[in-house]
Amino acid sequence: MREAGLVVVGAALAGLRAATAARRTGYDGPVTLVGAEPHLPYDRPPLSKAFLADPDYATPTLADADALSSLGIDLRLGEPATGLSVSDREVLIGPSTVPFDSLIIATGCAPVALPFGGHTLRTLDDARAIRARIPTTERAVIIGGGFIGAEIASALRKRGAAVTIVEAADVPLVRAVGSEMASVLADLHRRNGVDLRCGTTVQAIDSDTVTLSDGSVLDADLVIVGIGARPAVGWLADSGLPLDDGVLCDETLCAAPGIYAAGDAARWHNPLFSTTMRLENWTSAAAQAEAAARNAVGPTATPFSTVPYFWSDWYGNRIQMVGVVTDDVTLLGCPGDESWLALYRAGDRLAGALALNQPGRIMKYRNRITRRAAWQDALEFATAR
């Protein structure tokens with residue numbers, strides 16, 4: 001009978017970090033890393049950026065088979081998990097089962113598709129399919145003006161395609177950065193020759209056209225759908241685990257005894273903000289995974305807290321956000337500047353910061369949010385520079 005140990009379901013960044021972190025803690029039991037895709041763990045952020053913008057950009061792998069084998073990590077790739085028995089302590093993988101003492105769920109998200117069709121971008125195979133179409137693409141339509149859509153638009157403009165972004169909201173990214181700063185970011189698209197169509201939806205996608213709800217018909221050689229993603233937790237529907245826009249976890253990332261979650265699929269209580277959060281960004285996924293591994297195989301479980309952080313690259317510009325969005329925002333600089341900083345206020349505290357082309361500065365505000373810096377102190381620090 002197979003010996004139980006640590007099983008990690010999901011072989012992207014979070015899953016890989018969890019498996020390797022368990023070894024770094026000194027855990028010497030069996031470690032199994034289960035991945036739905038046949039590929040070795042790879043980095044997703046470049047897929048919508050450099051991988052599309054540069055036809056020679058290599059596959060962004062995170063680890064090779066020999067390195068994982070040297071750590072005693074058993075890879076089960078190309079076979080998605082299909083179910084979980086909490087009582088029997090088993091993960092179902094097709095017709096077989098894998099027993100576990102501890103489990104980390106790191107299955108990430110799946111893109112939301114449209115019934116009309118169009119390419120989605122989540123996996124390496126998705127990115128390869130889109131990249132193969134770019135050399136013959138003159139006119140591209142991107143449905144959804146979020147960060148993935150914006151990054152794809154930037155990559156396609158670099159490759160010479162005419163790009164239209166279709167966004168259902170009045171302005172893209174309101175939830176991510178707030179309405180005022182969303183309007184500022186929207187102008188980056190327009191300044192780089194992108195046709196931004198807001199307040200309209202898609203009614204039909206044909207072989208070479210996209211029909212919108214306002215009656216417009218757009219010519220399109222390539223249509224890409226980027227309207228969001230949902231946690232990939234359908235395989236847990238009958239498990240009895242608490243599910244609500246992800247796997248619900250306590251402040252230690254624990255969903256049930258011996259069962260933890262990390263990355264895009266985890267919704268946990270973040271003690272720093274006294275609320276539950278589900279974060280879809282690289283840095284949080286990596287840090288959560290390492291914390292989940294320590295808690296899963298260690299003698300005690302400790303709370304995990306973090307200040308959200310994400311970045312995005314558009315048209316040669318670096319956009320970075322730390323903390324959370326509020327309605328009270330102060331922009332330091334002018335909207336059309338090549339570099340600016342926006343600070344978000346919650347009561348008498350600094351809640352968040354959004355920056356354009358200030359990579360060496362933004363993390364100082366992340367540290368201040370961690371320390372619960374007073375708003376006036378943060379504002380004085382910003383204006384003194």
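A search of the whole structure identified 16 salt bridges. The coordinates analysed are those of a predicted model.

One of these salt bridges joins K49 to E151, with the closest N and O atoms 3.3 Å apart. K49 is located in the loop between β2 (31-35) and α2 (50-53), whereas E151 belongs to helix α5 (residues 147-158), so the pair ties together parts that lie 102 residues apart in sequence. Both partners fall under the 20% limit for burial: K49 has a relative accessible area of 14%, and E151 is buried at 5% relative accessibility.

A salt bridge within helix α4 (residues 124-133) links R128 and D125, which are 3 residues apart and thus separated by about one helical turn. Their closest N and O atoms are 3.9 Å apart. R128 is partly exposed, with a relative accessible area of 38%, and D125 is likewise partly exposed, at 40%. For the salt bridge between D313 and R318, the corresponding separation is 2.4 Å. Here D313 is partly exposed at 25% relative accessibility, as is R318 at 29%.

Salt bridges also form a network that links D245, R267, R278 and E280. R267 is situated in β21, where R267 stands opposite L248. Strand β21 (residues 266-270) pairs with β18 in the parallel sense over 3 bridges. These strands belong to an open sheet of 3 strands, ordered β18-β21-β22, with mixed pairing. β18 (247-249) and β22 (275-277) are the edge strands, each pairing on one side only. From one strand to the next, the twist averages 25°.

Conventions. Residues are numbered from 1 along each chain as its sequence is written. This is a predicted model: local features need pLDDT of at least 70, side-chain atom pairs count only at pLDDT 80 or more; totals for chains, interfaces and linings use all residues. Side-chain values use heavy atoms; hydrogens and water are left out. Two strands pair if DSSP finds at least two bridges between them. Helices (H or I, at least four residues) and strands (E, at least two) are DSSP runs, numbered from the N terminus. Axes are lines fitted to C-alpha atoms, for helices over the stretch in contact, and angles run from 0 to 180 degrees between N-to-C directions. A salt bridge is a side-chain nitrogen of Lys or Arg within 4 Å of a carboxyl oxygen of Asp or Glu. Buried means under 20% relative accessible area, exposed over 50%, partly exposed in between (1.4 Å probe, protein chains only).
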